[in-house]
Amino acid sequence: MRVGLGCLAALIACAGEGPAAPPHLVLVVVDTLRADRLGAYGHDRPTSPSFDGLAAEGVLFTRAFAPSSWTKPSVGSLFTSRLSSEHGIARLGDGLDDAVPVLAELLRDAGYHTIAVSGNPIQVAERFGFARGFDVFEPLMMPAPAGAFLDTLEIELGGRRQSLRLPRAREVNQRLLRRLPAETTRPLFLYVHYVDPHTPYAPTRPFRETFRRDAGERPDGVSTDALIEMARTGREPDAEERRWLFDLYDAEVAQVDAALGELLAELERRGLARNAVVVVTADHGEEFGDHGGWGHGLTLHDEVLRAPLALRDFRRPGVGARRDEAVDLLDVPTTLLALAGVEAAPGMRGRNLLAEGALPERDLVLELLKGRSQHRRALLRGPWKLLVHTDGSHTWYRLDRDPGEREPLGPADPRVPEALSLELSRVEASLPDPRGLPEPSLDAGTRDALEALGYLR
Ligand SMILES: [Zn+2]
């Protein structure tokens with residue numbers, strides 16, 4: 001993509017041009033995208049030329065974390081720069097707290113035209129508070145003939161039973177592009193939520209054919225139910241089955257990456273890219289049996305928390321920077337607000353990732369809260385990761401020596417510095433405890449849909 005060279009606004013003052021206009025902000029979330037399946041993070045298959053190209057000219061964050069391991073709380077944090085226990089989504093049926101300021105609202109108040117297309121409208125939905133602040137909020141599900149596709153969801157929506165499937169990234173693009181104004185008089189904030197790598201793994205043909213190494217007898221997709229069943233029984237897939245699953249997942253990643261490339265090209269064609277900052281990330285990763293499970297929303301191990309994160313400011317020449325500090329999705333809204341010249345709201349925890357110098361230190365807190373049944377937290381400081389389990393027990397990992405989290409250290413292990421243990425325990429104890437709140441009820445349609453996506457195990 002062409003680099004905007006008209007005015008290197010952030011590097012040198014442009015005489016006579018006055019203050020630079022706020023940039024268009026494009027925030028792309030790829031649901032369930034595990035960082036290590038992208039080339040920029042070391043994957044050895046060509047799944048992500050678009051993401052890698054963006055990162056190669058922008059800033060790649062090599063240690064970025066999702067603040068939770070499932071969609072709703074994680075996107076809630078991305079919208080509010082607060083933890084799950086602070087923004088209102090601490091149980092399955094929860095939505096964002098109406099009183100908590102959200103990114104889109106702050107940008108709209110500052111003059112932005114705000115447009116969102118949610119490819120995961122079961123969770124990133126108006127009824128859960130995610131439409132607040134958007135001039136246009138489009139939930140997107142596609143009609144599908146009953147039972148015809150692996151990824152058909154038979155769910156009750158709007159009081160009637162419907163056969164729907166999640167949209168493909170290209171369909172999300174089409175919807176978004178239709179909603180862009182013909183004339184841009186205000187800066188744009190675009191929120192784009194792709195969902196292809198989420199189960200079921202059902203890539204479309206061109207990507208399937210590129211990534212299936214061994215067509216064999218296995219089907220061209222795998223249903224959410226099949227993966228849940230595998231997780232439930234604890235059955236370990238054999239090497240061939242693993243390869244098959246990885247092929248399908250990689251094909252989904254390549255499919256979404258191709259659509260990302262198409263979106264960037266279209267923004268360039270419309271003249272929007274040269275004044276845009278694009279951020280691409282994920283709401284969480286995916287476990288492939290790393291700790292005995294499949295899917296996400298079940299643990300707080302790194303395979304479900306490590307998210308890709310790249311930022312490209314097209315107003316500047318490509319820089320190709322890498323940042324190795326631990327950052328999380330709470331840092332994204334505060335960075336976007338800083339780019340827009342808008343002050344962050346009180347209570348936002350994030351930093352400006354593009355500020356000069358070293359990032360201020362911040363303990364990262366990652367939460368998996370589902371009422372009384374799940375109450376887990378992970379706290380990161382330096383190389384240390386503390387896991388606090390639902391029953392209150394603690395496990396430690398030292399991530400620099402044990403990146404796969406294979407060697408848990410008990411709370412009294414002499415290798416864990418005592419002062420750190422005391423301090424992080426204090427941090428954990430100071431966080432809100434939403435377990436006492438009554439469980440909100442889920443309507444039948446939402447329950448069906450969450451079940452179909454594997455969340456009610
Ligand atoms: Zn998700």
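User: In this predicted model, why does Thr-446 count as buried?

Analyst: Let's start by placing the residue: Thr-446 lies in helix H12, residues 444–452. A residue is called buried if 20 or more other C-beta atoms lie within 10 Å of its own. Thr-446 counts as buried because its number of C-beta neighbours inside 10 Å is 20.

User: How far apart in space are Thr-446 and Glu-262, C-alpha to C-alpha?

Analyst: Along the sequence, 184 residues separate Thr-446 and Glu-262. In space, going from C-alpha to C-alpha, the distance is 32 Å.

User: Which strands are at the edges of the open sheet of eight strands?

Analyst: Try walking across the sheet in its order, E4-E3-E8-E1-E9-E12-E2-E13, where the pairing is mixed. An edge strand pairs on one side only. From one strand to the next, the twist averages 15°. The edge strands are E4 and E13.

User: In which sense does E3 pair with E8 and with E4, parallel or antiparallel?

Analyst: Good one to check on the structure! Strands of a sheet pair through backbone hydrogen bonds, and the sense can be either parallel or antiparallel. With strand E8 (residues 188–194), E3 shares six bridges, and Ser-118 stands opposite His-193. With strand E4 (residues 136–139), E3 shares four bridges, and both pairings, E3 with E8 and E3 with E4, are parallel.

User: Which residue in E4 is the bridge partner of Ile-115?

Analyst: Ile-115 belongs to strand E3, which spans residues 113–118. This strand is mostly covered, with five of its six residues buried. Across in E4, the bridge partner of Ile-115 is Val-136.

User: How many bridges join E1 to E9?

Analyst: You can find one of the partner pairs by looking for His-24, whose bridge partner in E9 is Ala-276. E1 and E9 run parallel, and the number of bridges joining them is seven.

User: Is H1 parallel, perpendicular or oblique to H8?

Analyst: Two packed helices are described by the angle between their axes and the distance between the axes. For H1 (residues 49–57) and H8 (residues 239–269), the angle is about 55° and the axes are 7 Å apart. Angles under 35 degrees count as roughly parallel and 65 to 115 as roughly perpendicular, while over 145 is roughly antiparallel. An angle of about 55° is in none of those ranges, which makes H1 and H8 oblique.

User: How many nonpolar residues are there in the contact of H1 with H8?

Analyst: From H1, the residues in this contact are Pro-49, Ser-50 and Phe-51. From H8, they meet Asp-257, Ala-258, Leu-260, Gly-261 and Leu-264. By class, two of the residues are polar and one is charged, and the number of nonpolar ones is five.

User: What angle does H1 make with E12?

Analyst: H1 also has strands to lie on: it crosses strand E2 (59–65), E9 and strand E12 (309–313). Its direction relative to E12 is about 60°.

User: Which element gives the most residues to the largest nonpolar core?

Analyst: This core has 112 residues, and those with the most contacts inside it are Leu-27, Val-28, Leu-190, Val-192 and Val-278. Leaving aside neighbours within four places in sequence, Val-28 is in contact with Val-192, Leu-260, Val-278, Val-279 and Val-280. The element that gives the most to the core, with 13 residues, is H8.

User: How many residues of H10 are buried?

Analyst: Helix H10 covers residues 331–340, ten residues in total. Its buried residues include Val-332, Leu-336 and Leu-339, and the elements covering the buried residues include helix H2 (71–80) and strand E13 (321–328). Just after H10, Gly-341 takes a positive phi of about 75°. The number of buried residues in H10 is nine.

User: Which residue in E17 stands opposite Trp-384?

Analyst: Look at the open sheet of four strands, ordered E14-E15-E16-E17 with antiparallel pairing. Its edge strands are E14 (364–370) and E17 (394–398). Five bridges join E16 (residues 384–388) to E17. Opposite Trp-384, in E17, is Arg-398.

User: Which helix packs on this sheet of four strands?

Analyst: The helix touches strand E15 (374–381) and E16, and its direction makes about 135° with that of E15. It spans residues 418–430 and is named H11.

Definitions and conventions:
Residues are numbered from 1 along each chain as its sequence is written. This is a predicted model: local features need pLDDT of at least 70, side-chain atom pairs count only at pLDDT 80 or more; totals for chains, interfaces and linings use all residues. Axes are lines fitted to C-alpha atoms, for helices over the stretch in contact, and angles run from 0 to 180 degrees between N-to-C directions. Helices (H or I, at least four residues) and strands (E, at least two) are DSSP runs, numbered from the N terminus. Two residues are in contact if their C-beta atoms, placed from the backbone, lie within 7 Å. Ala, Val, Leu, Ile, Met, Phe, Trp, Tyr, Cys and Pro count as nonpolar, Asp, Glu, Lys and Arg as charged, and the others, Gly among them, as polar. A residue is buried if 20 or more other C-beta atoms lie within 10 Å of its own, exposed if 12 or fewer, and partly exposed in between; C-beta atoms are placed from the backbone. A nonpolar core is a set of buried Ala, Val, Leu, Ile, Met, Phe, Trp, Tyr and Cys residues joined through C-beta atoms within 7 Å. Two strands pair if DSSP finds at least two bridges between them.
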